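Here is a short walk through one protein chain. Keep the model in view as you read.

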Amino acid sequence: MTNTAPETGKGVAYGLAAYTMWGSFPLYFALFEGIPAWEVLIHRVIWSCLFLAVVISLLRRWPPVTAALKQPKNLGFVLGCSVFIAANWGIYIYAVETRHVLQASLGYFLTPLVNVAMGLLILGERISRLQVVAVVMAGVAILYQFFLLGELPWITLALAFSFGTYGLLRKKVELDGLSGLFVETLLLLPLGLLTLAWLSSQNLSHFTESAYSTLLLVSSGAVTAIPLLAFAGAARRLKLSTVGFLMYINPTIQFLIALYIFHEPLSTAKLLSFVMIWVALGLYSWSAWVGRERKGLA
């Protein structure tokens, strides 16, 4: 990870772009109504891989990819990234299709605090006592929702931990952002193609159902890859906790879309969970800002 000021500035710009695009995703995936989430996931994998292959060819960036593929023993972290990002994609599509965007937004509000906890426990990053309090408060908010509503907000937790783990593993990958993302989707491509072939043989595929569905599924490649490219650029240039801080944009946009466009109900119990996590994020943000001021970086 590069810590120079220009590189940090680029990282922040990449992060802002990625999270703004991700925040608008509910509007895009709502267009897939009638297509099962897992089928959309298959096409996201296939078309993302093909889109990235075109970009790599245009930029003449094949050497890092071929070098990585010649050393399969070193692809463990990349495979881990593939698994966790695919899980995140699938769960998110399901959340939009079933109109659980509020729960998805809570998951992404929680993710920065999951990043902070992972940075502390796994990467050995230093955090203040106030930041520890913020992480604990987020945990209390989830427990509160569990005991009050009688159900575990599994979409929230699955999204937070799958994306948090993806970000953690991505920092361990030596490949640059573009090459790494291509190899991640490439590792999933055979399974995606086999599943698509099976769907077609059983006449269950929506791919050729209409020109609209075909275009929509193909577009998922570019729509998926572009923000991930931006995120990879941010993750390699910034501390994990800083990447988490920028993520506030994503769930805020999702929260507003869920309330004012999808008109999802927000109970008092759920609202209180959101408030607790917002307070936790506020504590973390304040502590991080004070720390930067003391170092003369604010």
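Start at one glycine. G139 is partly exposed, with a relative accessible area of 32%. Partly exposed is the right class because 32% lies between the limits of 20% and 50%. G139 sits in helix α7, which covers residues 129-149. Now look for L110. In sequence, G139 and L110 are 29 residues apart. In space, their C-alpha atoms are 9.0 Å apart. Keep in mind throughout that this is a predicted model.

Now step back to the whole chain. What is it built from, helices or strands? The chain has 13 helices and zero strands. Its pattern along the sequence is α-α-α-α-α-α-α-α-α-α-α-α-α. The radius of gyration is 19 Å, close to the 19 Å that the globule rule gives for 298 residues, so the chain is as compact as a globular protein of that length. The C-alpha trace spans about 55 × 45 × 30 Å along its principal axes. Of the 298 residues, 50% are buried.

Contacts tell how the chain folds back on itself. Take those between residues at least 6 apart in sequence. Of these, 86% join residues at least 24 apart.

Next, turn to charge. Side chains of opposite charge can pair when their charged atoms come close. How many salt bridges does the model hold? The count is one salt bridge. The partners are R170 and E184, with 3.3 Å from N to O. R170 lies in helix α8 (residues 154-170) and E184 in helix α9 (residues 177-201), so the pair ties together parts that are 14 residues apart in sequence. Are these two residues buried or exposed? R170 has 0% relative accessibility, so R170 counts as buried. E184 is buried too, with a relative accessible area of 2%.

Now look inside. A search of the whole structure finds four cavities of 30 Å³ or more. Two of them are described here.

The largest cavity has a volume of about 110 Å³. Its lining consists of W22, F25, R44, I85, N88, W89, Y92, Y108, F163, N250 and Q254. Two elements each give two or more residues to this lining: α5 (76-97) and α12 (249-260). Helix α5 gives the most, with four residues. By type, the lining of the largest cavity has seven nonpolar residues, three polar and one charged. R44 is the charged one, because Arg counts as charged.

The second largest cavity has a volume of about 70 Å³. Around it stand S48, L52, I85, W89, Y166, L181, E184, T185, L188, T224, A225 and L228. Here α3 (37-59), α5, α9 and α10 (211-235) each give two or more residues. The largest share, four residues, comes from α9. This lining divides into eight nonpolar residues, three polar and one charged.

Some residues appear twice in this tour. I85 and W89 line the largest cavity, and I85 and W89 also line the second largest. E184 belongs to the lining of the second largest cavity and is a partner of R170 in the salt bridge. Trace E184 in the model, and you will find the salt bridge and the second largest cavity from one starting point.

Terms used: Residues are numbered from 1 along each chain as its sequence is written. This is a predicted model: local features need pLDDT of at least 70, side-chain atom pairs count only at pLDDT 80 or more; totals for chains, interfaces and linings use all residues. Side-chain values use heavy atoms; hydrogens and water are left out. A salt bridge is a side-chain nitrogen of Lys or Arg within 4 Å of a carboxyl oxygen of Asp or Glu. Buried means under 20% relative accessible area, exposed over 50%, partly exposed in between (1.4 Å probe, protein chains only). On a 1 Å grid over the protein atoms alone, a cavity is a set of points where a 1.4 Å probe fits but cannot get out, and a pocket is an open set with protein on both sides within 12 Å along at least five of seven lines; lining residues have an atom within 4 Å of a point. Grid points are joined across faces, edges and corners, and a volume is the space filled by probe spheres set on the points. The radius of gyration is taken over C-alpha atoms; the globule rule is 2.2 Å times the number of residues to the power 0.38. Contact means heavy atoms within 4.5 Å.
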